[in-house]
Amino acid sequence: MSDAIDDKAFKAELASLIPHLRAFARSLCGDATLADDLAQDAMLKAWKARASYKPGTNMKAWAFTILRNLFYSEKRRSWRRQPLDPEVAEATLVANDNPSGTMELLALRNAINELPDDQREALILVGAGGLAYEDVADICGCAVGTIKSRVSRARKAVTEILDSNEIGFSSDGSLQGEDVFDDLMDQVSALSKPAKAV
Amino acid sequence: MTEKNRPGPRNDKGAKQRQDRIGDRLRQLYDEVANEPVPDDFLKLLEEADDAADDGDEDQKP
């Protein structure tokens, strides 16, 4: 058992990270089924590598590193070159009871998909995954300043893409990014009410 | 195409609000997956891996 945390505690913490592994994998792969395959492989690899985990460090960042390495080493990056299937994307989002919100998410997903890999992962990890710049730098194997720069460029690029591109997924193909943002702005007040949150 | 409040030249406040909105939606995209129930096979696989470790323990170095 040495100084590592015991298997039971490790397993419990790893299990608690499965939702995040799935979410990160989905952002890398785009496709839900392939993403779950990747997330499962990463989970099992993390389990096998549990002796190398340093107790007290960020297990989420550690597991994300494993997942990311799997993704790139096995050339799964080609997966995301598949065009997103609008119907699938729509189906995954119908649970959202706000139609214009659904459209915004599709538009954003489309914009994110156009980012270079390094910018996309930095934006997802910092902007959605709740990881510190330092952790993301470790995960991606580069300097903190590099991550900050990538996130900054990604934000700028996404904004420009949303501004300039038509939203290909929607039934109303003429809708422009700025219209989406008009909707977004309209919803700021609604979303900021606690009752509407969740 | 609406005529209202089209944000012509980007002012700083508008840009900040837009960034905040993008950030909210970005988290929403991630959280939609993270909040899904974990498929059963994940935990099943993890249990199987744990059982295998108990039996053979060929993977873990002391």
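What follows is a walk through a predicted model of a two-chain complex, from its overall make-up down to a few individual residues.

Start with the big picture. Chain A is built from 9 helices and 0 strands, so its elements simply read α-α-α-α-α-α-α-α-α from the N terminus on. Chain B is made in a similar vein, with 2 helices and 0 strands. Of the 198 residues of chain A, 35% count as buried, while for the 62 residues of chain B the figure is 15%. In chain A, 63% of the contacts with a separation of 6 or more link residues that sit 24 or more positions apart.

How much trust does the predictor place in all this? For the complex, it reports an ipTM of 0.72 and a pTM of 0.73. Chain A averages a pLDDT of 78, and 67% of its residues score at least 70. The score varies along that chain: among its elements, H7(A) has the highest mean pLDDT, at 96, and helix H9 (residues 177–192) of chain A the lowest, at 48. Residues 91–96 of chain A have a pLDDT below 50, and this stretch has 7 contacts in the model beyond near neighbours in sequence. Residues 186–198 of chain A also stay under 50, with 4 contacts beyond four places in sequence. Chain B has a mean pLDDT of 77, with 69% of its residues at 70 or more. Its residues 58–62 stay under 50, and the model gives them 7 contacts beyond four places in sequence.

Now for the inside. In soluble globular proteins, nonpolar side chains tend to be buried together. In this model, the largest nonpolar core has 48 residues. Those with the most contacts inside the core are A:Leu21, A:Ala25, A:Ala42, A:Ala63 and A:Leu67. Two or more residues each come from H1 (7–29), H2 (32–48), H3 (59–73), H5 (99–113), H6 (117–127), H7 (133–140) and H8 (144–164) of chain A, together with H1 (12–34) of chain B. H1(A) gives the most, with 9 residues. A:Leu67 shows how pieces of the core meet: leaving aside neighbours within four places in sequence, it is in contact with A:Leu21, A:Phe24, A:Ala25, A:Leu38, A:Ala39 and A:Ala42.

Several of those helices deserve a look of their own. H2(A) has 17 residues and reaches 24 Å from its first C-alpha to its last, close to the 24 Å expected at 1.5 Å a residue. Its buried residues are A:Ala35, A:Asp36, A:Leu38, A:Ala39, A:Ala42, A:Met43, A:Ala46 and A:Trp47. H3(A) passes a matching check: its 15 residues should span 21 Å at 1.5 Å a residue, and its end C-alpha atoms are indeed 21 Å apart. Buried in H3(A) are A:Lys60, A:Ala63, A:Phe64, A:Ile66, A:Leu67, A:Arg68 and A:Phe71, and what covers them includes H1, H2 and H7 of chain A.

H7(A) has its own buried residues, namely A:Asp135, A:Val136, A:Ala137 and A:Ile139. The cover over these includes H3, H6 and H8 of chain A. Just after H7(A), A:Gly141 takes a positive phi of about 65°.

How do H6(A) and H8(A) lie relative to each other? Their axes come within 8 Å and cross at roughly 95°. The two helices are therefore roughly perpendicular. On the H6(A) side, the contact is made by A:Asp118, A:Gln119, A:Arg120, A:Ala122, A:Leu123 and A:Val126. H8(A) brings A:Ile147, A:Arg150, A:Val151, A:Arg153, A:Ala154, A:Arg155 and A:Ala157.

Finally, one arginine is worth a stop. A:Arg22 lies in helix H1 of chain A. Is A:Arg22 buried or exposed? It counts as buried because it has 25 C-beta neighbours inside 10 Å, and the cut-off is 20 or more. Setting aside neighbours within four places in sequence, A:Arg22 is in contact with A:Ala35, A:Asp36 and A:Ala39, and also with B:Val33 and B:Ala34 of the other chain. A:Ser164 lies 142 residues from A:Arg22 along the chain, and their C-alpha atoms are separated by 31 Å.

How values were computed:
Residues numbered from 1 in each chain as written. Chains lettered and ligands numbered in written order. Predicted model: local features only at pLDDT ≥ 70, side-chain atom pairs only at ≥ 80, totals over all residues. Helix = DSSP H or I, 4+ residues; strand = E, 2+ residues; numbered from the N terminus. Buried ≥ 20, exposed ≤ 12 C-beta atoms within 10 Å, placed from the backbone. pLDDT = per-residue confidence, 0-100. Contact = placed C-beta atoms within 7 Å. Core = buried A, V, L, I, M, F, W, Y, C linked by C-beta atoms within 7 Å. Expected span 1.5 Å × (residues − 1). Axes fitted to C-alpha atoms, helices over the stretch in contact; angles between N-to-C directions. Parallel < 35°, antiparallel > 145°, perpendicular 65-115°, else oblique.
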